[in-house]
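Welcome! Below are some short exercises, each with a worked solution. Please keep the sequence and the 3D view at hand as you go.

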Amino acid sequence: NSSRLPCGIRELDLSRAHVMGILNVTPDSFSDGGRYNRLDAALLHVEQMIGAGASLIDVGGESTRPGAAVVSVEEELQRVVPVVEAIAARFDVVISVDTSTPEVMVASAAAGAGLINDVRALERPGALEAARDTGLPICLMHRQGEPDTMQLAPRYASVLDEVNAYLQARVEACEAAGITRQRLILDPGFGFGKTLEHNLGLFARLRDLRPAGVPLLVGVSRKSMIGQALDRPVDQRLYGGLALAALAVDAGAAILRVHDVAETVDVVRMVEAVKSARQS
Ligand SMILES: Nc1nc2[nH]c(SCCc3ccc(S(N)(=O)=O)cc3)nc2c(=O)[nH]1
């Protein structure tokens with residue numbers, strides 16, 4: 001039926017919301033040194049997130065937080081592909097690859113990835129074609145500017161209209177390249193070139209954010225909009241993040257990208273229970 005999303009050899013039932021666990025495979029996200037330790041630690045983290053109820057694992061080899069450094073294609077391949085392979089060999093889970101790099105999309109798909117998550121919405125040269133040819137579903141996210149400068153002075157005449165227009169244009173570019181709308185997921189890109197006001201204004205209108213029928217992915221976990229609204233450091237943003245997770249699911253979001261999987265899974269299940277009671 002229309003609410004199932006093929007993800008490579010697996011599929012997601014989008015008639016209910018899903019939790020995507022974050023797996024950072026950037027060097028600054030590891031305490032220890034060696035590559036074996038890194039892979040071992042990554043697989044332990046994946047096992048924990050799946051056990052906690054994650055339907056997807058998002059593997060990112062390029063940090064796209066504000067001010068992040070650029071990473072080479074080779075470096076990104078070396079960080080991401082072995083981890084995708086190892087997860088695919090061990091676990092039954094949809095592996096999302098958080099990349100804007102065509103070569104990483106192709107190699108990750110071959111290694112078992114089931115979803116392409118591109119914070120640059122396939123704008124890099126060759127990305128549209130590479131993503132199309134993987135046959136995988138694709139998440140298109142809005143951002144204003146690039147990580148190194150995007151938070152310096154974000155400005156919009158109307159953040160909702162501009163995000164909507166951008167995402168609509170990216171959907172049309174994908175359709176023109178032969179990627180059907182049924183493969184697409186949209187994401188307003190919280191924290192990517194937005195002030196607190198922009199982020200709250202977007203979040204407040206989540207329902208208005210997408211062409212009907214296209215699922216929405218929301219990523220607000222531990223982000224500055226929570227820190228600014230609550231005056232909390234990055235390690236004390238769980239409760240604010242759970243409040244936003246509940247609101248996002250109630251507003252119809254299909255996938256939540258989070259660090260704290262177990263806590264978010266219970267919030268999602270509780271909100272879904274109330275939503276289904278509204279139907280009956
Ligand atoms: N689809 C999708 N993929 C994502 N990948 C990331 S990495 C987070 C980078 C970051 C960290 C912190 C801030 S801030 N200044 O708001 O605290 C912004 C961006 N995020 C997202 C997201 O949302 N969607």
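How many disulfides does the structure hold? Keep that in mind while we set the ground rules. This is a predicted model, in which local features need pLDDT of at least 70 and side-chain atom pairs count only at pLDDT 80 or more, while totals for chains, interfaces and linings use all residues. Residues are numbered from 1 along each chain as its sequence is written, and side-chain values use heavy atoms, with hydrogens and water left out.

**Exercise 1. Look for the disulfides and check Cys7 and Cys174.**

Step 1. A disulfide is a covalent bond between the sulfur atoms of two cysteines. The test used here is a pair of cysteine sulfur atoms within 2.5 Å.

Step 2. The structure holds 0 disulfides. For Cys7, the nearest cysteine sulfur belongs to Cys139 and is 12 Å away. For Cys174, the nearest cysteine sulfur is again that of Cys139, at 11 Å.

Step 3. Now look at accessibility, where buried means under 20% relative accessible area, exposed over 50%, and partly exposed in between (1.4 Å probe, protein chains only). Cys7 counts as buried because its relative accessibility is 3%. Cys174 is buried too, with 0%.

**Exercise 2. Find the residues that touch the most other members of the largest nonpolar core.**

Step 1. A nonpolar core is a set of buried Ala, Val, Leu, Ile, Met, Phe, Trp, Tyr and Cys residues joined through side-chain atoms within 4.5 Å.

Step 2. The largest one has 73 residues, and Leu23, Val59, Ile87, Leu122 and Val218 touch the most other members. A second, separate core has 13 residues, among them Val94, Leu115, Cys139 and Leu217.

Step 3. Take Leu23, which lies in strand β3 (residues 18-24); strands (E, at least two residues) and helices (H or I, at least four) are DSSP runs, numbered from the N terminus. Leu23 counts as buried because its relative accessible area is 2%. Leaving aside neighbours within four places in sequence, the contacts of Leu23 include Val46, Ile57, Val59 and Ile87, where contact means heavy atoms within 4.5 Å.

Step 4. Turn to Ile87 with the same neighbours within four places left aside: Ile87 is in contact with Leu23, Leu43, Val46, Ile57, Val59, Val93 and Ile95.

**Exercise 3. Work out which residues are closest to the ligand.**

Step 1. In all, 16 residues surround the ligand; a residue counts as near if one of its heavy atoms lies within 4 Å. The closest are Asp98, Asn117, Asp187, Lys223 and Ser224.

Step 2. Next, look for polar contacts, which are pairs of N or O atoms within 3.5 Å; within protein, one must be able to donate a hydrogen and the other to accept it, and residues adjacent in sequence count only if both atoms are side-chain atoms. A polar side-chain atom of Asp187 is 2.6 Å from a nitrogen atom of the ligand. For Asp98, an N or O atom in the side chain is 3.0 Å from a ligand nitrogen, and for Arg257 a polar side-chain atom is 3.4 Å from one.

Step 3. On its own, the ligand has 550 Å² of accessible area, and the protein covers 90% of that; these areas come from the Shrake-Rupley method with a 1.4 Å probe, and for residues only the protein chains shown count as cover.

**Exercise 4. Compare the settings of Leu122 and Asp231: is each one buried or exposed?**

Step 1. Most residues other than glycine have a negative phi, and most peptide bonds are trans.

Step 2. Leu122 has a positive phi of about 65°, and Asp231 has one of about 55°.

Step 3. Leu122 sits in the loop between β6 (115-118) and α4 (127-134), and it is buried at 2% relative accessible area. Asp231 sits in the loop between α7 (224-230) and α8 (238-250), and it is exposed at 66%.

**Exercise 5. Trace the polar partners of Arg143.**

Step 1. Arg143 is in the loop between β7 (138-141) and α5 (159-176). Arg143 counts as buried because its relative accessible area is 15%.

Step 2. The side chain of Arg143 makes polar contacts with the side chains of Glu146, at 3.4 Å, and Tyr166, at 3.5 Å.
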